[in-house]
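Please open the model in your viewer and keep the sequence panel beside it, since each stop on this tour begins with a selection. Take the stops in order, and pause at each one before moving on.

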Amino acid sequence: MPDLNEAMMNNHSFWQYKYGDYSANAALPPGSHETDVLVIGAGYTGLTCAREVRKDDHTKRVMVFDANEIGFGASGRNGGFNMTLFGIEPEVTMLRWGKEKTREAQSYMQKAVQYVKDLIEAEKLDSDYQHTGMLRIAYTNKQAHRLKKTYALLSDITKPGSFEYWSGKETQKRVNCPHIKAAIFEPGTGILDPCKHVRSLKMLAEREGAEIFENTRVIGLSRQSGASVVQTDVATIRAKKLVIATNAWTHKLKTSPKVANVQAPVWTYQIVTAPLTPEQWKRINWKERMSIEDNRQLVHYMRITTCGRITMGGGSIGVEYNDRKMALWKNEKVWRALERHLKWMFPALADIDIHYKWGGCISANVDMTPEIGFIGDSNIIYATGCIGHGVSLTQLNGRLIADLVLGRETGLAKFWIVNRRAIPLPPGKMLRFAGIKFIEGVLNAVDWYEEGGSKKPRN
Ligand SMILES: Cc1cc2nc3c(=O)[nH]c(=O)nc-3n(C[C@H](O)[C@H](O)[C@H](O)COP(=O)(O)OP(=O)(O)OC[C@H]3O[C@@H](n4cnc5c(N)ncnc54)[C@H](O)[C@@H]3O)c2cc1C
């Protein structure tokens with residue numbers, strides 16, 4: 001096991017730390033290279049796409065580059081919720097895109113969760129997967145009122161049985177948090193260890209013959225005679241098809257002004273407790289291991305790990321004035337607020353120690369809707385806007401992008417987020433920063449209004 005403090009100081013997630021020793025693949029050697037398909041970014045999106053392209057067409061050479069070790073991106077540091085939430089909220093999707101597209105999006109997400117579960121089961125992946133179900137809980141009557149409306153909308157657009165509405169009392173039988181007023185339970189969801197999973201995806205992609213190079217950063221990109229020409233520090237690669245799967249880093253790639261302004265990085269933070277004693281588990285009575293999100297705008301997410309701890313994230317976000325730095329992964333203030341919130345939720349854990357803390361970056365766009373787009377013709381494909389709900393989404397997106405790479409007009413490739421109308425972020429650091437801070441302020445104001453009557457500690 002690596003040294004705990006050193007791992008935290010080196011910006012490793014708990015999952016990376018817990019994984020232990022990992023041998024990264026060698027970086028791409030200097031020189032000129034040619035490939036049919038080049039994928040930039042080896043998270044869930046990139047690795048799934050590479051695997052699926054090779055699986056469908058073994059004649060294609062597929063190369064994958066990641067600037068870091070696999071597991072460094074959001075795919076190795078998330079909460080591990082294999083969940084069906086699309087974008088930020090179904091109501092927001094409905095407002096912007098209408099009911100039919102919201103229904104299609106929800107169906108895509110249910111398919112995505114199943115896709116991940118099926119893959120893990122079929123390949124017997126060591127991803128610590130459990131199909132636990134998920135609760136969305138309300139702490140106040142106002143939140144419960146809004147939750148009921150969300151439940152009505154979700155029930156209207158999904159198959160019967162996809163969601164259940166529980167009273168506070170009923171929910172408290174499953175988890176002993178005295179503040180719960182009501183909950184939605186969604187049985188068809190699960191949890192996994194994100195770092196183990198993304199590294200399992202690496203193994204599967206390599207098994208299919210994809211060539212993966214870690215610590216290989218793309219620093220330049222251009223078009224020459226119909227091909228993409230990609231530059232690393234030491235090499236030049238000509239690719240017939242290019243997939244940009246760099247998620248929250250996409251604005252940093254020198255692509256086109258369109259893609260530079262399509263998304264912005266937003267930081268989210270997590271803590272994990274020391275293992276709970278049998279007595280503590282008994283007192284909080286969180287028996288069935290279902291994952292939990294609250295019904296706040298700046299949502300908290302929490303779950304149990306296989307090593308008997310609780311991990312919690314969210315509650316506040318981080319926004320960097322100079323978003324090219326990508327350096328806001330430490331946030332003592334948010335970590336402290338998470339600890340307070342955990343102890344407020346579970347008074348029986350008042351003296352539990354926090355074992356590990358980390359942060360990570362999600363890709364957010366103006367209309368809070370995932371996007372798969374093209375630069376120029378269909379030979380350069382990018383995916384952005386996971387909005388922090390991308391464990392299942394980005395893996396099915398990887399499958400979808402494989403269809404686009406292979407020029408297949410499948411049902412998946414017709415999903416409406418492909419080549420959709422996207423709203424660009426305001427140009428320039430100042431406007432961008434002010435814009436995201438404004439949205440954060442609005443979300444905070446809604447939480448303040450809905451929680452005005454509760455004794456919940458403010459973040
Ligand atoms: C703390 C946290 C908690 C989250 N919790 C959940 C959750 O519980 N459930 C859920 O559904 N979603 C969650 N998410 C979101 C989810 O993790 C992401 O949507 C998903 O992992 C994105 O996968 P990806 O492959 O698109 O991107 P990433 O996993 O971010 O991969 C992008 C990769 O691109 C690489 N890269 C960047 N620039 C370059 C370059 N120039 N050259 C080469 N490589 C480059 C990076 O190193 C990185 O590995 C969370 C995210 C975070 C940060």
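The tour goes from the ligand to two helices and then to several loops.

**The ligand**

Keep in mind from the start that this is a predicted model. Select the ligand together with the residues around it, which number 38, and look for Thr45, Asp66, Asn68, Ser75 and Val391, the ones that come nearest. Then turn to the polar atoms: an oxygen atom of the ligand is 2.8 Å from an N or O atom in the side chain of Asn68, and a nitrogen atom of the ligand is 2.9 Å from a polar backbone atom of Ala67. At Val391 the partner belongs to the backbone, where an N or O atom lies 2.8 Å from an oxygen atom of the ligand. How much of the ligand does the protein bury? Taken alone the ligand exposes 1000 Å², and the protein buries 97% of that area.

Now colour the shell by element, and you will find that α3, β12 (264-273), β16 (354-364) and α12 each give two or more residues to it. The most comes from β16, with three residues. If you colour the shell by residue class instead, it has 16 nonpolar, 19 polar and three charged residues.

**Helix α5**

Next, select residues 99-123, which form helix α5. At 1.5 Å a residue, the 25 residues of this helix should span 36 Å, and the C-alpha atoms at its ends are indeed 36 Å apart, so the expected and the modelled span agree. Show the side chains and pick out the buried residues of α5, among them Thr102, Ala105, Tyr108, Met109, Ala112 and Val113. Further along α5, Val116, Leu119 and Ile120 are also buried. An α-helix has 3.6 residues a turn, so residues three or four places apart point the same way. What do the buried residues of α5 pack against? Their partners are α3 (44-56), β3 (81-82), α4 (90-97), α6 (141-157), α8 (194-207) and α12 (391-405). Before leaving, step to Lys124, just after α5, where phi is positive at about 50 degrees.

**Helix α6**

One of those partners of α5 is α6 (141-157), which is the next selection. The 17 residues of α6 should span 24 Å at 1.5 Å a residue, and the end C-alpha atoms are 25 Å apart, which agrees. Its buried residues are Gln143, Ala144, Arg146, Leu147, Thr150, Leu153, Leu154 and Ile157. These buried residues of α6 pack against α4, α5, β4 (134-138), β5 (164-167), β6 (182-186) and α13.

**Loops with buried residues**

Select Thr216, in the loop between β8 (211-213) and β9 (220-224). Is Thr216 buried or exposed? Its relative accessibility is 4%, and because buried means under 20%, Thr216 counts as buried. A polar atom of its side chain lies 2.9 Å from the backbone oxygen of Glu214. Leaving aside neighbours within four places in sequence, Thr216 is in contact with Ala27, Leu28, Phe65, Asp66, Ala67 and Thr232.

Move on to Met368, found in the loop between β16 and β17 (371-374). Met368 is buried, with a relative accessible area of 15%, and has a positive phi of about 55 degrees although it is not a glycine. Asn419, in the loop between α12 and α13 (429-451), is not a glycine either, yet has a positive phi of about 60 degrees.

**Partly exposed loop residues**

Select Trp249, in the loop between β11 (235-244) and α9 (257-260), which counts as partly exposed at 23% relative accessibility. Apart from neighbours within four places in sequence, Trp249 is in contact with Phe72, Gly73, Gln263 and Met326. Draw a distance from Trp249 back to Thr102, and the C-alpha atoms, 147 residues apart along the chain, are separated by 27 Å.

Finish at Ala327, in the loop between β15 (310-314) and α11 (332-345). Ala327 is partly exposed, with a relative accessible area of 46%, and touches Trp267 and Glu320, not counting residues up to four places away in sequence. A last distance, from Ala327 to Met290, is 32 Å from C-alpha to C-alpha, for residues 37 apart in sequence.

How values were computed. Residues are numbered from 1 along each chain as its sequence is written. This is a predicted model: local features need pLDDT of at least 70, side-chain atom pairs count only at pLDDT 80 or more; totals for chains, interfaces and linings use all residues. Side-chain values use heavy atoms; hydrogens and water are left out. Helices (H or I, at least four residues) and strands (E, at least two) are DSSP runs, numbered from the N terminus. The expected span of a helix is 1.5 Å times one less than its number of residues. Buried means under 20% relative accessible area, exposed over 50%, partly exposed in between (1.4 Å probe, protein chains only). Contact means heavy atoms within 4.5 Å. A residue is near a molecule or strand if one of its heavy atoms lies within 4 Å of it. A polar contact is a pair of N or O atoms within 3.5 Å; within protein, one must be able to donate a hydrogen and the other to accept it, and residues adjacent in sequence count only if both atoms are side-chain atoms. Accessible areas come from the Shrake-Rupley method with a 1.4 Å probe; for residues, only the protein chains shown count as cover. Ala, Val, Leu, Ile, Met, Phe, Trp, Tyr, Cys and Pro count as nonpolar, Asp, Glu, Lys and Arg as charged, and the others, Gly among them, as polar.
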